[in-house]
Structures are given as C-alpha cells and as structure tokens.
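I opened the notebook to go through this entry from the overall fold down to single side chains. My notes follow in the order in which I looked things up.

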Amino acid sequence: MTLKAKAQEKVERAGISNYSFDQDVLVMCGVRYALEACECGEPDCDGVRLRKNATAIGRVLQ
C-alpha cells in the first residue's frame, strides 16, 4: 500500500471528508501535510505520518 493510500485511509478513518491531494501532499482545510513513512513500531501505528508542510506556510506568509 502506498503512503498516499495509507494517508487517505487514516483521514477517512478519522471521519474527515473534506480533503484532497496535490501530488503526494495531503491538503486539509488549506493546510498542506507532507506524507512520511513511520516505522515507530507501535502496535497501533498505521505506517504513515502527516507533517505540516512548512515550506508551503512560508510562501503563504510572503
């Protein structure tokens, strides 16, 4: 399963329906999240980590 598919499953499982993808970046409520693989080893880990995309935030502020 790809990171994008894992992220989509994670978002839908959380009950969020207002999201989209721009390439491999998740966009929710105007906030962009980079998708990263997670290998923390926790039993309930779904294998994907969402990290706010700081470069996109910087461009908005300019």
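What share of the 62 residues in the protein chain is buried? I looked this up at the start and noted 23%. The model is a predicted one, and I read every entry below with that in mind.

**Entry 1: fold and surface.** I went through the secondary structure of the protein chain and found 2 helices and 4 strands. Read from the N terminus, the order is α-β-β-β-β-α. I then looked up the contacts with a separation of 6 or more, and 27% of them join residues 24 or more positions apart. For the accessible surface of the chain I noted about 4600 Å², with 50% of that belonging to carbon and sulfur atoms.

**Entry 2: the core.** Which residues form the largest nonpolar core? I listed 8 residues: Ala 7, Val 11, Tyr 19, Leu 26, Met 28, Tyr 33, Leu 35 and Val 48. I checked which elements supply two or more residues to this core, and these are helix H1 (3–13), strand S2 (25–28) and strand S3 (31–37). I picked Met 28 from the core for a closer look. Leaving out residues up to four places away in sequence, Met 28 touches Val 11, Ile 16, Asn 18, Tyr 19 and Tyr 33.

**Entry 3: salt bridges.** How many salt bridges does the structure hold? I noted 5, and went through some of them one by one.

I began with Arg 13 and Glu 9, whose side chains meet at 3.4 Å, N to O. Both residues lie in helix H1, 4 residues apart, which is about one turn of the helix. Arg 13 counts as exposed because its relative accessibility is 52%, and the cut-off for exposed is over 50%. Glu 9 is at 41%, so I put it down as partly exposed.

Next I took Asp 46 and Lys 10, which form a salt bridge at 3.6 Å, N to O. Asp 46 sits in the loop between S3 and strand S4 (48–52) and Lys 10 sits in helix H1, so this pair ties together parts that are 36 residues apart in sequence. I looked up the accessibility of both partners: Asp 46 is partly exposed at 23% relative accessible area, and Lys 10 is partly exposed at 27%.

Asp 46 also meets Arg 13 in a salt bridge, at 3.1 Å, N to O. Here the loop between S3 and S4 is again paired with helix H1, so parts that are 33 residues apart in sequence are tied together. Putting these pairs side by side, I wrote down Glu 9, Lys 10, Arg 13 and Asp 46 as linked in a network of salt bridges.

**Entry 4: Asn 53.** Is Asn 53 buried or exposed? I first placed Asn 53 in the loop between S4 and helix H2 (54–61). Its relative accessibility is 17%, so Asn 53 counts as buried; the cut-off for buried is under 20%. I then looked up what Asn 53 touches, not counting residues up to four places away in sequence, and noted Val 25, Arg 32, Tyr 33 and Ala 34. Tyr 33 had already come up in the core list and among the residues that Met 28 touches.

Notes. Residues are numbered from 1 along each chain as its sequence is written. This is a predicted model: local features need pLDDT of at least 70, side-chain atom pairs count only at pLDDT 80 or more; totals for chains, interfaces and linings use all residues. Side-chain values use heavy atoms; hydrogens and water are left out. Buried means under 20% relative accessible area, exposed over 50%, partly exposed in between (1.4 Å probe, protein chains only). Contact means heavy atoms within 4.5 Å. Accessible areas come from the Shrake-Rupley method with a 1.4 Å probe; for residues, only the protein chains shown count as cover. A nonpolar core is a set of buried Ala, Val, Leu, Ile, Met, Phe, Trp, Tyr and Cys residues joined through side-chain atoms within 4.5 Å. A salt bridge is a side-chain nitrogen of Lys or Arg within 4 Å of a carboxyl oxygen of Asp or Glu.
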